[in-house]
Amino acid sequence: EPLRLIEMGDKQRYAQAHSVWQYKADQFAASKTARTKFAQNPESLLSSDEDIPALLPEPEEPVALRFTVSDATSQKLVRLCAKRPRGMLAYFDEMNSWVNKLCSPTSGEDRSAWVVGFESESYQMDRVHDGESHCENFALSIYGNMQPRVLEDNFTRLAADGLLQRFLPAIPRHDKTRIGNPIASGVHAPAWENTLRLTYAMPPTHYTLTPDAYSAFRAFQVWYESRVKSERLISSSNEFLTAFCKITGLAGRLILIFHAIETPFASTVDADIVNRVIKIIREYVVPAYRHVFDGNGSAAQFDQWVMEYVIQHSDQPRVTGSEIKR
């Protein structure tokens with residue numbers, strides 16, 4: 001809702017800018033027509049370059065402020081983002097239809113466009129009928145709700161190119177359901193809207209980590225490298241490993257978001273934010289990835305792993321249960 005309010009507040013600015021653009025576009029069209037008529041006149045062959053009517057510069061059409069999109073193909077999405085370098089949010093109340101488009105071989109949907117959009121990179125799309133579309137900063141966020149059955153039926157196809165593993169899953173827990181305690185409507189809405197408006201109004205800003213924050217993040221990277229080796233040792237699923245190998249980048253994004261919310265005008269990021277994000281990664285994100293991406297992975301293969309471990313260490317006098325546990 002706050003994003004829609006910001007969009008609505010831009011309508012007057014866009015209307016005025018579009019009116020000015022229309023006037024300049026008419027001037028450009030008139031100068032182009034005058035030059036065409038001059039070129040069609042045989043006497044123009046005897047004229048000098050100074051006699052050629054001036055061609056006014058073609059004005060750039062203004063773009064309405066827009067943050068969200070809820071139903072668009074990848075081709076349309078690239079065109080929308082090409083004019084909006086800030087990026088866009090693809091919001092799906094129910095992701096079933098979107099998943100069907102991505103997984104159907106007959107839909108013609110370009111899955112790579114959605115993957116590249118997550119990375120926020122330059123993107124070039126070429127089509128026979130529609131020509132080429134270039135987006136200098138193709139930046140895309142995706143948010144939506146997916147039913148467990150939809151995820152189960154399309155899991156393999158969604159995870160084939162790493163698209164699914166780029167999502168941060170938010171998993172409802174049935175044992176945590178309870179009767180809520182409603183608060184007055186709109187208590188926190190103004191603060192959240194102010195945060196979004198402040199972030200939108202800020203210029204491009206470069207942040208750096210304090211020495212303590214840098215040390216904390218380096219320690220997290222050391223833990224990550226050690227954990228990757230352990231996950232490979234216990235034969236974690238490829239889907240889980242693909243998601244797990246992206247957590248350092250995810251941590252960096254969350255650190256940036258937390259800092260932009262709490263202290264956007266500070267040029268340095270302190271260690272407290274870094275440590276809190278690392279705690280979220282280790283205590284929530286990794287278990288959530290395990291639940292979503294490794295349901296039939298290493299846990300189901302544990303008996304096989306124990307057997308292989310014993311065979312690999314059969315040259316030793318004994319293998320203890322504590323060693324296997326570690």
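The count of salt bridges in this predicted model comes to 13. Three of them are set out below.

| Acidic residue | Basic residue | Closest N to O |
|---|---|---|
| Asp 161 | Arg 111 | 2.7 Å |
| Asp 153 | Arg 149 | 3.2 Å |
| Asp 294 | Arg 290 | 2.9 Å |

The bridge between Arg 111 and Asp 161 links distant parts of the chain, with the two positions 50 residues apart. Arg 111 lies in helix 5 (residues 111-119), while Asp 161 sits in the loop between helix 6 (148-159) and helix 7 (189-201). Arg 111 counts as buried because its relative accessibility is 15%, under the 20% cut-off. Asp 161, at 35%, counts as partly exposed.

Asp 153 and Arg 149 are both in helix 6; they are four residues apart, so about one helical turn separates them. Asp 153 is partly exposed at 44% relative accessibility, whereas Arg 149 is exposed, with a relative accessible area of 58%.

In the pair formed by Asp 294 and Arg 290, the aspartate is buried at 3% relative accessibility and the arginine is partly exposed at 23%. Both residues belong to one network, joined with Arg 227 and Glu 231 through salt bridges that share partners.

Turning to nonpolar packing, the largest nonpolar core has 58 residues, and those touching the most other members are Trp 114, Phe 138 and Ile 281. Helix 11 (residues 271-293) gives the most to this core, contributing eleven residues. Leaving aside residues up to four places away in sequence, the contacts of Trp 114 include Ala 72, Leu 77, Phe 92, Trp 98, Leu 140 and Leu 163, with Ser 74 and Glu 109 also among them.

Definitions and conventions. Residues are numbered from 1 along each chain as its sequence is written. This is a predicted model: local features need pLDDT of at least 70, side-chain atom pairs count only at pLDDT 80 or more; totals for chains, interfaces and linings use all residues. Side-chain values use heavy atoms; hydrogens and water are left out. A nonpolar core is a set of buried Ala, Val, Leu, Ile, Met, Phe, Trp, Tyr and Cys residues joined through side-chain atoms within 4.5 Å. Buried means under 20% relative accessible area, exposed over 50%, partly exposed in between (1.4 Å probe, protein chains only). Contact means heavy atoms within 4.5 Å. A salt bridge is a side-chain nitrogen of Lys or Arg within 4 Å of a carboxyl oxygen of Asp or Glu.
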